[in-house]
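Hi everyone, thanks for coming. I'd like to walk you through one protein model today, so have a look at it while I talk.

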Amino acid sequence: MKIAVSGCLLGQKVRFDAGHKRDDFIMDALSNHAEYVSFCPEHLAYSSPRPSIRLVKDQDKPLEVRSNKTGENVAEALFEASKKDLESIALHNLGGIVFKSKSPSCGMGSAKIYQDNGYCEGKSDGIFVVMCKERFPLLPMEEEGRLCDPWLRENFVMQLFAYESFENFKLDADMNSLVNFHKQNKFMLQSKDEALYRKLGKIVGNHEENAFEEILGEYEFLYKTAIATKSSIGKTRNVLEHMSGFLKKHLDSEEKSMLHEQINDYAAQITPLILPLSTLHLYAKKYNVRYLLEQVFLSPYPKELALRSDIKCVK
Ligand code: SF4
C-alpha cells in the first residue's frame with residue numbers, strides 16, 4: 001500500500017526552521033505495511049529554513065499567504081508548489097494520505113485562518129489539503145494529530161486496509177465475487193454505518209438488472225463512503241451481539257454467558273475490543289462457523305498493529 005505523507009512526519013528536515021516532526025506510529029508501526037510517498041509544498045515553494053507563514057482571509061478578498069517576517073503575500077509560490085506536489089503524488093497508486101496537523105498547507109481542519117487585523121478567525125483545511133480533497137474525494141485521509149487518539153487511529157487504519165482491499169478486489173470482480181465481497185464485509189460495514197450497509201445490499205441485489213460496471217461503480221462510491229465513517233461503541237457492541245448469534249446453537253450456557261460478559265465489559269470500557277473478538281474467533285474456529293471465519297471484521301488489518309488491544313480504541 002502506498003501512502004502519501006507530509007515530509008516532516010517522515011523525519012525530513014523540511015519545516016520552516018529546517019527541523020522535522022518525525023511521527024513514531026507512522027515511522028515505526030505503519031511503515032511495516034506501507035510504502036511512503038513524501039510531499040512538502042512549503043519546502044518546494046520557499047526551501048528550508050524559511051520565514052513562517054499564515055493564512056489570511058478578509059471578507060470577500062482572495063485567500064492570502066503572508067510571510068510572518070515581511071508581511072508580504074507569498075501565496076502564488078505556495079499554490080504553484082502545491083499543484084506540483086499534487087501532480088507528483090498523483091503519479092502513485094495511493095491508498096491514503098497522512099497530513100501534518102496545524103500547518104497552513106497540511107492542516108486538515110486545523111489550519112488557523114487569520115483576519116487582516118491579526119485575529120484568528122477559526123480553523124480550516126490547509127491549502128494542500130483542499131487540493132487533495134478535490135482531487136481524491138474518496139481516498140482515506142487523516143492528520144497525525146488525530147492519530148494520537150486510539151479510537152480515530154483504529155478507524156483510520158481500518159479504512160486504509162478496507163480501501164486497499166476494494167482496490168484489489170475490483171481488478172477482477174464479477175457479480176458473484178461482489179456478492180461474496182459484500183457478505184464478507186457485512187459486520188465491518190455494519191460497525192460503520194448500518195444504513196449504508198443496507199443500501200449496499202440493495203445495490204448487490206440488483207433488482208433493476210443494471211449492467212455490472214454500473215453496479216460496481218455505485219457500490220464503490222457507497223462502500224468507500226461507509227468505510228470513511230467512524231464506528232462507535234454502540235455500533236460495535238451490536239455487531240458483536242449479532243456475531244455471537246451465529247454461535248448460539250454451538251455454545252453451552254456457560255460459554256454463552258462468558259461471551260456476553262466480555263461484550264458487556266467491552267461496552268463498559270473495562271476490557272479492550274480484542275477480548276470478545278478473540279473469543280468469537282476461537283469459537284468460530286472450534287465449531288467451524290465459516291460465515292464468521294470469513295468476516296473481515298474479525299481481522300480488518302494486520303494483527304501486529306495491535307490497535308484493538310487498546311482499551312480506548314473504540315468510543
Ligand atoms: S506541515 Fe506540510 S508544508 Fe509544513 S513542513 Fe510539514 S510537509 Fe512541509
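Let's begin with a bit of vocabulary: helices here are DSSP runs of H or I with at least four residues, strands are runs of E with at least two, and both get their numbers from the N terminus. Counted that way, the protein chain has 13 helices and eight strands. And please keep in mind that this is a predicted model.

Now the overall picture. The C-alpha trace spans about 75 × 50 × 35 Å along its principal axes. The chain has 315 residues, and 48% of them are buried. What share of the contacts with a separation of 6 or more comes from residues 24 or more positions apart? That would be 67%.

Okay, on to the pocket. The largest one has a volume of about 520 Å³. It is lined by 28 residues, and the closest to its centre are Arg15, Glu42, Lys102, Ser103 and Pro104. Which elements each give at least two residues to that lining? They include helix α2, residues 41-46, and the strands β3 (53-56) and β6 (111-114). If you sort the lining by class, you get twelve nonpolar residues, eight polar ones and eight charged ones.

Let's stay with Lys102 for a moment. You'll find Lys102 in the loop between β5 and β6. Its phi is positive, about 65°, although Lys102 is not a glycine. Is Lys102 buried or exposed? Exposed: its relative accessible area is 66%, and the cut-off for calling a residue exposed is over 50%.

There's another residue to put beside it, Glu209. Here phi is near 55°, again a positive value in a residue other than glycine. Glu209 sits in the loop between α8 (194-205) and α9 (212-227). With 69% relative accessibility, Glu209 counts as exposed.

While we're on backbone details, go to the loop between α2 and β3, where Pro49 lies. The peptide bond from Ser48 to Pro49 is cis, and its omega is near -5°.

Next, the aromatic rings. There are 15 aromatic pairs in the structure. Let me pick out Phe99 and Phe128: their ring centres are 6.5 Å apart and the planes make an angle of 80°, an edge-to-face pair. What does this pair tie together? Phe99 is in strand β5, residues 94-99, and Phe128 is in helix α4, so the pair links parts that are 29 residues apart in sequence. Both Phe99 and Phe128 are buried.

Elsewhere there's an aromatic cluster, made of Phe166, Phe169, Phe181, Tyr219 and Tyr223.

Some rings also have a charge sitting over them. The charged end of Arg54 is over the ring of Tyr114, 5.4 Å from the ring centre. Arg153 does this with Phe25, and there the distance to the ring centre is 4.2 Å.

Last stop: three residues to click on, one by one.

Start with Phe79, in helix α3, residues 75-90. Phe79 has a relative accessible area of 30%, so we call it partly exposed. Leaving out residues up to four places away in sequence, Phe79 touches Leu63, Ile127 and Met131. How far is the C-alpha atom of Phe79 from that of Glu254, 175 residues apart along the chain? The answer is 64 Å.

Then Ala173, in the loop between α5 (150-170) and α6 (175-184). Why does Ala173 count as buried? Because its relative accessibility is 18%, and buried means under 20%. Apart from neighbours within four places in sequence, Ala173 is in contact with Phe212 and Leu216. Its C-alpha atom is 18 Å from that of Gln295, with their positions 122 residues apart along the chain.

And finally Pro137, in the loop between α4 (127-135) and β8 (141-143). Pro137 counts as exposed, at 65% relative accessibility. Pro137 and Lys224 are 87 residues apart along the chain, and their C-alpha atoms are separated by 9.8 Å.

That's my tour, thanks for listening!

Definitions and conventions:
Residues numbered from 1 in each chain as written. Predicted model: local features only at pLDDT ≥ 70, side-chain atom pairs only at ≥ 80, totals over all residues. Heavy atoms only, no water. 1 Å grid on protein atoms, 1.4 Å probe; cavity = no way out; pocket = protein on both sides within 12 Å on 5 of 7 lines; lining within 4 Å. Points joined across faces, edges and corners; volume = space filled by probe spheres on them. Nonpolar A, V, L, I, M, F, W, Y, C, P; charged D, E, K, R; others polar. Buried < 20%, exposed > 50% of the residue type's maximum accessible area, 1.4 Å probe, protein only. Phe/Tyr/Trp six-rings, centres within 6.5 Å; stacked < 30°, edge-to-face > 60°. Lys NZ or Arg CZ within 6 Å of the ring centre and 35° of its normal. Contact = heavy atoms within 4.5 Å.
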